[in-house]
Amino acid sequence: MTDRSEQTPTRSQTSRRALVKGAAWATPAAAMAFAAPAFAASPTRNYRMRASHYYQRWCNTSTPSMRLTNQVPVGTSPLGFTVVNDKKSDGTISEPTTITIQSLTYVVGIPEVYINSSNYENPFVFQNGTGANWQLQSSTRQHMNGQYYRVYTFTFIGPKTSSSVADNTTTRPTSWPNSAFDANLRYNSRMCSYPSYQIWGGYTATMTAANGGTVKTDTLPPQWVTMK
């Protein structure tokens, strides 16, 4: 007959075994707790839309004209628009990634008195094939800045995906493909009756980055620009 006291642990033996077992399970949990902050410290990636727009009128010629375009170089702004690699939250530069456009519009508001009345709905004559890049979405009449304006909203046709590019303070960053806008205005004789004028214009956009970064798109929103 086997002595049962050899198979049944005493109370002191049970306590020691339970402690040893508990300690064995506690070690990996402690290691994970120390490792977690390394993942939380990953810097946030940031990207920024850069764009240009330019208005110009010629009144000291035999054939006055007015041009609306994003193809005139101003400083280091890109021709058209683009998305550049901006600084991460830790101060380093974000790596290039694929950017996708959910929506992108270019808004232009022109004093109604400048436009030929027979062309109120669409007074634009596109140059250099750039009319293939933008589609006129709407034309509205709004009272702004003490007079009536015709406000035109263009939607960017595409491509809707491209890579972010390097930013540079001394040279112009690479433009987004097919982003050029270059059009002359069908005007009337009153366009040159004023020494200066104001145009309402700019971009509104929603974009996402393939690597989960943040794309800042409020860099050139619709605003007043005084032209002479």
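**Entry 1: Arg-48 and its partner**

I looked up Arg-48 first and noted 23% relative accessibility, so Arg-48 counts as partly exposed. The classes I use are buried for under 20% relative accessible area, exposed for over 50%, and partly exposed in between, with a 1.4 Å probe and protein chains only. The model is a predicted one, in which local features need pLDDT of at least 70 and side-chain atom pairs count only at pLDDT 80 or more, while totals for chains, interfaces and linings use all residues. I number residues from 1 along each chain as its sequence is written, and my side-chain values use heavy atoms, with hydrogens and water left out.

Which side chain meets that of Arg-48 in a salt bridge at 3.5 Å, N to O? I found Asp-86 there. I count a salt bridge when a side-chain nitrogen of Lys or Arg lies within 4 Å of a carboxyl oxygen of Asp or Glu. This pair joins distant parts of the chain, since Arg-48 belongs to strand 1 and Asp-86 to the loop between strand 4 and strand 5, 38 residues apart. For elements I take DSSP runs numbered from the N terminus, with helices being H or I of at least four residues and strands being E of at least two. Asp-86 also has 23% relative accessibility and counts as partly exposed.

**Entry 2: further salt bridges**

I next followed Arg-50, whose side chain forms a salt bridge with that of Asp-167 at 2.8 Å, N to O. Arg-50 is in strand 1 and Asp-167 in the loop between strand 9 and strand 10 (182-185), so this contact ties together parts 117 residues apart in sequence. Is Arg-50 buried or exposed? At 13% relative accessibility I record Arg-50 as buried, whereas Asp-167, at 30%, is partly exposed. I also noted that Arg-48, Arg-50, Asp-86 and Asp-167 are linked in a network of salt bridges.

How many salt bridges does the structure hold? I noted eight. One of them joins the side chains of Arg-45 and Glu-95 at 2.4 Å, N to O. Arg-45 sits in the loop between helix 1 and strand 1, and Glu-95 in the loop between strand 4 and strand 5 (98-111), so the pair connects parts that are 50 residues apart in sequence. I class Arg-45 as partly exposed at 31% relative accessibility, and Glu-95 likewise as partly exposed at 27%.

**Entry 3: the sheet around strand 1**

I then turned to the strands. I found an open sheet of three strands in the order 4-1-12, with mixed pairing. Strand 4 (81-85) and strand 12 (214-216) are at the edges with a single partner strand each, so one side of each lacks a neighbour in the sheet. Neighbouring strands here are turned by 25° against each other on average, direction ignored. The axes are lines fitted to C-alpha atoms, for helices over the stretch in contact, and angles run from 0 to 180 degrees between N-to-C directions.

Strand 1 (residues 46-51) pairs with strand 12 in the parallel sense over three bridges. I accept two strands as paired if DSSP finds at least two bridges between them. Arg-48 appears again here, with Lys-216 of strand 12 as its bridge partner.

**Entry 4: strand 5**

Why do I describe strand 5 as largely enclosed by the rest of the structure? Ten of its 14 residues are buried, which is the reason for that description. I listed these antiparallel pairings of strand 5:

- Strand 11 (residues 197-209) pairs with strand 5 over ten bridges, and Leu-104 has Ala-205 of strand 11 as its bridge partner.
- Strand 8 (residues 147-156) pairs with strand 5 over seven bridges, and Thr-105 stands opposite Thr-155 of strand 8.
- Strand 9 pairs with strand 5 over three bridges, and Thr-100 stands opposite Thr-161 of strand 9.

**Entry 5: whole chain and confidence**

I count one helix and 13 strands in the chain. Buried residues are 33% of its 228 residues. The chain exposes about 13000 Å², of which carbon and sulfur atoms supply 53%; accessible areas come from the Shrake-Rupley method with a 1.4 Å probe, and for residues only the protein chains shown count as cover. Of the contacts between residues at least 6 apart in sequence, 76% join residues at least 24 apart, a contact being heavy atoms within 4.5 Å.

I checked pLDDT last, the predictor's confidence in each residue from 0 to 100. Its mean over the chain is 84, and 81% of the residues reach 70 or more. Among the elements, helix 1 (residues 11-40) has the lowest mean, 45, and strand 9 (residues 161-163) the highest, 98. Over residues 1-34 pLDDT stays under 50, and for this stretch the model has two contacts beyond four places in sequence.
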